[in-house]
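Hi,

Here is the structure I said I would pass on. Have a look at it first, and then read on for what turned up.

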Amino acid sequence: LEFIRRARQNWKNIKYILLTGFAEFDYARQAIRVNAFDYILKPVSDEKIAEKIRNAVAALQEEHNLDKALRRALRTLREHLPKLREELLLDVLLGKHIPSDRLQERLESLDLPVRVGDLFAIMLVRLETDLTDYNVSGLQLIEFAAGNIAEDVFGDMFELWHGKDSHDFLV
């Protein structure tokens, strides 16, 4: 039990199976407290031990798959975060009714440093140059650069949140 306590400090993703001759309830309770995966009381067959090990391996595989799915979801969220922020900004600009508690929840989930009720300023940027010769990725690069320039110029004074409005103005 002490080994499990100490090992958990360094290795979180290990399943511990206790094989013991102690049939005392207190010992089993302590095994539960240290999160032992299973508790096997001797005498036990080789088949039963193999089954417990297979169960531990399956649990580890399930945890690995869940961790992998979580990492994939977080990566996808990070990749789409600018677009999700832009959509929320457009909703707010268009006056879409979002209940205060839901709006605050969305602000937090999108990692925006704004609270419902905070004062903020809006700046619209219109690129006057004829951009018809640019392809979509070229336009996106220009918009990205404009956002970066705004962050460089105003980043020390303001928290910035940018996107495009329904008229293609940079906001």
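Is alanine 150 buried or exposed? Keep in mind while looking that this is a predicted model. Alanine 150 is buried, because its relative accessible area is 17% and the cut-off for buried is under 20%. You'll find alanine 150 in helix H5. Setting aside neighbours within four places in sequence, alanine 150 is in contact with Met123, Gly155 and Leu160. If you want a feel for distances, try phenylalanine 22: its C-alpha atom and that of alanine 150 are separated by 69 Å, and the two residues are 128 residues apart along the chain.

Phenylalanine 154 is another residue of helix H5. Phenylalanine 154 is partly exposed, with a relative accessible area of 27%. Once neighbours within four places in sequence are left aside, its contacts are Met123 and Leu160. Between the C-alpha atoms of phenylalanine 154 and lysine 68 there are 38 Å, and along the chain the pair is 86 residues apart.

**The largest pocket**

Next, the pocket. The largest one has a volume of about 1500 Å³. It is lined by 43 residues, and the closest to its centre are Trp161, His162, Gly163, Leu170 and Val171. Which elements give two or more residues to that lining? They are H3 and helix H5, the latter running over 136-154. H5 provides the largest share, with 13 residues. Sorted by class, the lining is made up of 27 nonpolar, six polar and 10 charged residues.

**Helix H3 and what it meets**

Helix H3 spans residues 46-93, and leucine 90 lies in it. Leucine 90 counts as partly exposed, at 23% relative accessibility. Which residues is leucine 90 in contact with, leaving aside its neighbours within four places in sequence? The answer is Lys164, Asp165 and Ser166. For serine 166, the C-alpha to C-alpha distance from leucine 90 is 7.4 Å, even though their positions lie 76 residues apart in sequence.

**Salt bridges**

How many salt bridges does the structure hold? There are 12. As background, side chains of opposite charge can pair when their charged atoms come close.

Aspartate 91 is a good place to start. Aspartate 91 forms a salt bridge with arginine 106, where the closest N and O atoms are 3.7 Å apart. Arginine 106 belongs to helix H4 (residues 100-109) and aspartate 91 to helix H3, so this pair ties together parts that are 15 residues apart in sequence. Aspartate 91 also forms a salt bridge with lysine 96, with 3.9 Å between the closest N and O atoms. Are the two partners in the H3 to H4 pair buried or exposed? Aspartate 91 counts as buried at 17% relative accessibility, and arginine 106 counts as buried at 19%.

Helix H4 has a salt bridge within it too. Arginine 102 pairs with glutamate 105, and their closest N and O atoms are 2.8 Å apart. Both residues lie in helix H4, three residues apart, which is about one turn of the helix. Arginine 102 is partly exposed, with a relative accessible area of 39%, and glutamate 105 is partly exposed as well, with 46%.

There is also a network of salt bridges to look up, which links Glu2, Arg5 and Arg6.

**Glutamine 104**

One more residue of helix H4 deserves a look, namely glutamine 104. What does the side chain of glutamine 104 reach at 2.7 Å? That is the backbone nitrogen of valine 116. Leaving aside its neighbours within four places in sequence, glutamine 104 is in contact with Val114, Arg115 and Val116. Glutamine 104 is buried, because its relative accessible area is 10%, where buried means under 20%.

If you only have a few minutes, open the largest pocket and look at the residues closest to its centre, including Trp161 and His162. Then go to aspartate 91 and follow its salt bridge to arginine 106.

Cheers

Definitions and conventions
Residues numbered from 1 in each chain as written. Predicted model: local features only at pLDDT ≥ 70, side-chain atom pairs only at ≥ 80, totals over all residues. Heavy atoms only, no water. Salt bridge = Lys/Arg side-chain N within 4 Å of Asp/Glu carboxyl O. Buried < 20%, exposed > 50% of the residue type's maximum accessible area, 1.4 Å probe, protein only. Helix = DSSP H or I, 4+ residues; strand = E, 2+ residues; numbered from the N terminus. Polar contact = N/O pair within 3.5 Å; in protein donor to acceptor, adjacent residues only side chain to side chain. Contact = heavy atoms within 4.5 Å. 1 Å grid on protein atoms, 1.4 Å probe; cavity = no way out; pocket = protein on both sides within 12 Å on 5 of 7 lines; lining within 4 Å. Points joined across faces, edges and corners; volume = space filled by probe spheres on them. Nonpolar A, V, L, I, M, F, W, Y, C, P; charged D, E, K, R; others polar.
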